[in-house]
Amino acid sequence: MAREYVIIGDGIAGATAATEIRESDPDGHITVITDESDLLYNRVATKDLAKGDKERQDLLMHDRDFYRKHDIDVRTNTRVTQIDEDSKRVGCHDGSRYSFDKMLIASGGTPRRLPVPNGDVHGIHTFWTINDAERIKKAAKEADSAVVIGAGLLGIDLAVILGTHGADTKYLMRGDRWWRQGISKEGSEIVEKGLAELGVECVFHEEVERFNTRDEHVTECVGSSGKVYPCDAAGVAIGLHYNHEFLRGTRVKIGEGILTDEYMRTSVRDIYAAGDIAQYYDVILDRVNQNGSWASAKEQGAIAGRNMTKATDEDLEEFELVDTYSINHFDFFIMSVGSVLGSEKIDRVYDDGDYRRVIFFRDKPVGAVFVGDVSQAGILRKIIAQKPDFSELDKDRLLAESVDPALLKELMAP
Ligand SMILES: Cc1cc2nc3c(=O)[nH]c(=O)nc-3n(C[C@H](O)[C@H](O)[C@H](O)COP(=O)(O)OP(=O)(O)OC[C@H]3O[C@@H](n4cnc5c(N)ncnc54)[C@H](O)[C@@H]3O)c2cc1C
């Protein structure tokens, strides 16, 4: 009898899993359930849509025909609300129910709102969907002034979008720099200059106390310093709340996201998780990890999809990827490779003003961040993938302007 596969989410993780399952199991019955009205689109490029560099149709990746051709049943505007792991059934908001033999949860996250007075009035935007991008573009074009909160990889997108559309934009940050987790103040200063050229002023040591409104629309942001920032629009990017509320009462183990092993299996047999929602066992870091990137979600979706079709556990594939994330809003690049969460970090600012950080965990290099020249990202990525022990090696070799290719050979030698 044909196997029943159910996938929650038609983002890059869920959609990739569906096509991988179809490749490996031509007879299986596959249902993809998404609460969005759009089929898979390029979420990374939503920032280009909001900036005005791309049109909506440029982002669309799969249409109904794609799913028809691959014999995949896809349900849009359908929210999964309940799972019964014993009877192997998924229940949705509209009363529809689906049985599964194997299920994948690829439901990602939803942006958190700022928990301050008036934190969710009109004009305050979070950013995750293609519809958010269109709303933000319109608001940015109409705004004379704006504030952005969230000194991370999504916050900077919002700041650039509001600044490039001409709003006088203040980018408020709790600490003394942009992306405290990833770079030092020296690295941040390069980014701050780039932001200033796009009309964005960074304001440090500032938090939001509340927003003021007129006719239920934001007009001002009041900082913890007491300073008042006029704003017709505000962008908030303070992290995600992961979409797993439908698992309440099940035996699927939850941490921040859904806990999985390196094969993307959850604690309940035949239920898998992949993409932003998966808090997986990382074989490179040798600990639990969670990524928030397109490449990682795609690869996890592919691995989970293939593993769901395997007859025996011996054939399961491990997820192992040195992730990359890049930002190209400026006339220089920002690129992160691997993980920024380690126990030790070393930094260097080069004569021409470029910046690099290398991150170690238990003497293993696990990540690197580049601001400016990213030409060494490739070799660093390969070195990290070797999981080398640097306790007896000179860590500064990884900060050399040009990392010696002989080092990689040395590390790869059996
Ligand atoms: C503006 C922006 C810029 C980004 N830039 C970059 C970048 O430069 N580089 C990079 O690598 N990554 C970037 N990312 C992150 C990247 O897009 C995500 O990591 C990736 O898309 C995650 O894919 P996913 O499939 O795990 O989750 P998602 O794409 O979030 O898909 C999950 C899907 O599940 C649906 N869903 C949730 N709950 C339910 C439910 N109960 N029932 C049915 N459906 C449900 C959601 O609506 C969603 O459609 C960016 C993200 C954004 C928003």
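How do the residues of the shell around the ligand divide into nonpolar, polar and charged? Here are a few notes to go with this predicted model.

1. To take that question straight away: the shell has 14 nonpolar residues, twelve polar ones and seven charged ones. There are 33 residues around the ligand in total, and the ones that come nearest are D35, E36, R43, K47 and D276.

2. A few polar contacts are worth finding on screen. E36 puts a polar side-chain atom 2.6 Å from an oxygen atom of the ligand. S293 takes part through its backbone instead, with a polar atom 3.1 Å from a ligand oxygen. Over at Y325, an N or O atom of the side chain sits 3.1 Å from a nitrogen atom of the ligand.

3. How much of the ligand's accessible area does the protein cover? On its own the ligand has 1000 Å², and the protein covers 96% of that. If you want to trace the shell by element, look for those that give it two or more residues: the helices α1 (12–24), α2 (46–51) and α8 (294–309), plus the strand β22 (324–327).

4. As for where the ligand is placed, both domain 1 (4–110 + 240–315) and domain 2 (124–236) give residues to its shell, so the ligand lies between the two.

5. One more spot to look at is the second largest pocket, with a volume of about 160 Å³. Its lining is made up of 14 residues, and K102, R269, D270, Y272 and D313 lie nearest the centre. By type, that lining splits into seven charged residues, five nonpolar and two polar.

Note on methods: Residues numbered from 1 in each chain as written. Predicted model: local features only at pLDDT ≥ 70, side-chain atom pairs only at ≥ 80, totals over all residues. Heavy atoms only, no water. 1 Å grid on protein atoms, 1.4 Å probe; cavity = no way out; pocket = protein on both sides within 12 Å on 5 of 7 lines; lining within 4 Å. Points joined across faces, edges and corners; volume = space filled by probe spheres on them. Nonpolar A, V, L, I, M, F, W, Y, C, P; charged D, E, K, R; others polar. Near = heavy atom within 4 Å. Polar contact = N/O pair within 3.5 Å; in protein donor to acceptor, adjacent residues only side chain to side chain. Areas by Shrake-Rupley, 256 points an atom, 1.4 Å probe, with all protein chains shown as cover. Helix = DSSP H or I, 4+ residues; strand = E, 2+ residues; numbered from the N terminus. Domains from an automatic or database assignment.
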